[in-house]
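User: I am a first-year student and would like a close look at a single part of this structure, explained slowly and with its surroundings.

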Amino acid sequence: MKNKITLIATLSFGLEAVVKRELQALGFHNVHVSNGKVEIEATPEDIPTLNLWLRSADRILLKMGEFEAKDFDTLYEGTYALPWEEWIEEDGIFTVNGVSVNSTLESVPACQSIVKKAIVERLGDEYDTNWFQEDGAEFPVKVSIRKDIATLTLDTSGTGLNRRGYRIHAGPAPLKETLAAALVQLSFWRDERLLLDPMCGSGTILIEAAMIGRNIAPGLNRAFASEDWDRIPSTAWKQARDHARSSIISDKDLNLFGYDIDEEMIYASKSNAKAAGVAKDIVFEQKDIKELWIDQEHGIVVSNFPYGVKMGGYAELNNIYISLHKTFRNKLGWSLYVLTADKKFPDYFKRARPNKTRKLFNGALEVRYYQYFGEKPEQVEG
Ligand SMILES: C[S@@+](CC[C@H](N)C(=O)[O-])C[C@H]1O[C@@H](n2cnc3c(N)ncnc32)[C@H](O)[C@@H]1O
């Protein structure tokens with residue numbers, strides 16, 4: 001049985017470099033980045049570490065194989081040829097999900113049932129049985145066909161990695177936790193610096209920042225599909241969790257502030273922060289951005305602004321932009337990072353043109369991350 005495996009960290013388009021950096025920080029240097037994913041040369045023992053620690057990836061998939069499949073026979077044969085028995089136990093439950101993009105095999109339900117049939121037959125031959133109880137661990141299989149190349153994977157995460165388990169209350173337009181973690185990492189925030197989200201909703205950005213600042217593994221309080229797989233030694237999960245627990249920095253002061261006009265959102269933020277174990281790290285207060293008063297010379301704003309009519313109408317949005325501009329136009333020591341789908345935002349926030357604009361996706365919605373760099377503390381003071 002091979003000990004070298006290939007894992008695929010799936011991610012939202014635009015976050016490839018962030019996830020690559022996270023992987024390198026975890027000591028994974030043998031990685032290959034392409035659109036929407038990073039492939040990682042790893043061992044089965046690495047599966048717990050990656051699931052527990054990656055902040056901006058969506059899932060960790062185990063790559064079983066990849067081959068060209070333009071017809072059902074080749075899809076069947078290619079699937080049957082893979083060593084499923086090395087991972088899926090005799091009593092394993094396996095569901096097959098699929099996606100097909102720009103490929104000859106268009107019918108996803110048909111591809112799914114071919115793949116299921118091939119795996120059942122392979123396992124039947126290997127385990128010498130034609131009856132499967134299917135009452136053991138779960139092995140979610142995914143068949144992804146892009147430009148006639150089929151990639152077959154097992155999902156080691158189960159529920160998406162954005163589900164950290166702390167978001168008990170969400171607002172009407174919550175940000176995915178994985179994207180919020182990426183936004184913080186794309187800003188130059190360091191844990192001693194002041195970070196403000198003036199429209200914090202359910203607090204996701206600040207909670208993710210606090211978890212980064214205190215080195216809390218984002219997956220520490222949740223379960224993963226592959227925790228019950230025999231192929232991954234249970235000691236590997238235990239060691240990874242013990243290590244994550246002992247890595248938490250408990251004695252650190254963070255400067256994190258979150259405001260929102262909506263009192264209910266402040267309540268939601270506080271209870272989410274409590275569930276994440278970072279309640280004491282963030283000050284949440286009900287406040288309209290029009291009343292925002294800043295007296296510090298330096299700081300960072302990371303915020304996900306309301307978009308368009310859904311949240312209050314365009315006139316209200318313009319007022320928000322104008323308030324932001326008034327507050328920060330002379331605060332050159334402040335960096336601002338604003339995520340919005342409204343392409344008019346830079347016309348209203350006139351302190352300068354954005355230093356950088358990054359195209360990202362909030363779920364299916366295309367958004368822009370406008371980045372305005374502030375002057376560094378020593379430049380202003382010196
Ligand atoms: C897109 S949501 C932020 C979502 C947040 N990132 C999260 O993860 O839950 C925008 C937030 O802006 C708040 N908001 C709207 N107008 C505001 C204003 N004038 N001042 C402060 N907050 C405002 C809304 O109440 C809403 O919670």
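How many bridges join strand β2 to strand β3, and do the two strands run parallel or antiparallel? Please start there and then follow the chain into the helix α2 and what surrounds it.

Analyst: Please keep in mind throughout that this is a predicted model. Strand β2, which covers residues 31-34, is joined by four bridges to strand β3, which covers residues 37-42, and the two strands run antiparallel. To see one of these pairings in the structure, find V33, whose bridge partner in β3 is V38. The two strands form a hairpin with two residues between them, and in this hairpin G36 takes a positive phi near 80 degrees. As general background for reading such a pair, the side chains in a regular strand alternate between the two faces of the sheet.

Next comes helix α2, made of residues 46-53, and here the question is how far it is covered. Eight of its eight residues are buried, so the helix is largely enclosed by the rest of the structure. The buried residues can be named one by one: D46, I47, P48, T49, L50, N51, L52 and W53. The cover over them includes strand β3, which you have just met in the hairpin, together with β1 (5-10), β4 (59-68) and the helix α7 (234-247).

The surroundings of α2 make better sense once the division of the chain is in view. Domain 1 spans 5-155, while domain 2 is assembled from the segments 177-216, 223-247 and 254-381. The C-alpha centres of the two domains lie 33 Å apart, and the contact between them takes 23 residues from domain 1 and 24 residues from domain 2. On the side of domain 1 that touches domain 2, the largest share, five residues, comes from α2. By class, the residues of that side divide into 11 nonpolar, five polar and seven charged.

For contrast with the buried helix, look at E77, which lies in helix α3, residues 72-80. E77 counts as exposed because it has 12 C-beta neighbours inside 10 Å, whereas a residue needs 20 or more to be called buried. E77 also shows that positions separated along the chain can be brought together in space, since E77 and I114 are 37 residues apart in sequence and 9.7 Å apart from C-alpha to C-alpha.

Key
Residues numbered from 1 in each chain as written. Predicted model: local features only at pLDDT ≥ 70, side-chain atom pairs only at ≥ 80, totals over all residues. Pairing = 2+ DSSP bridges. Contact = placed C-beta atoms within 7 Å. Domains from an automatic or database assignment. Nonpolar A, V, L, I, M, F, W, Y, C, P; charged D, E, K, R; others polar.
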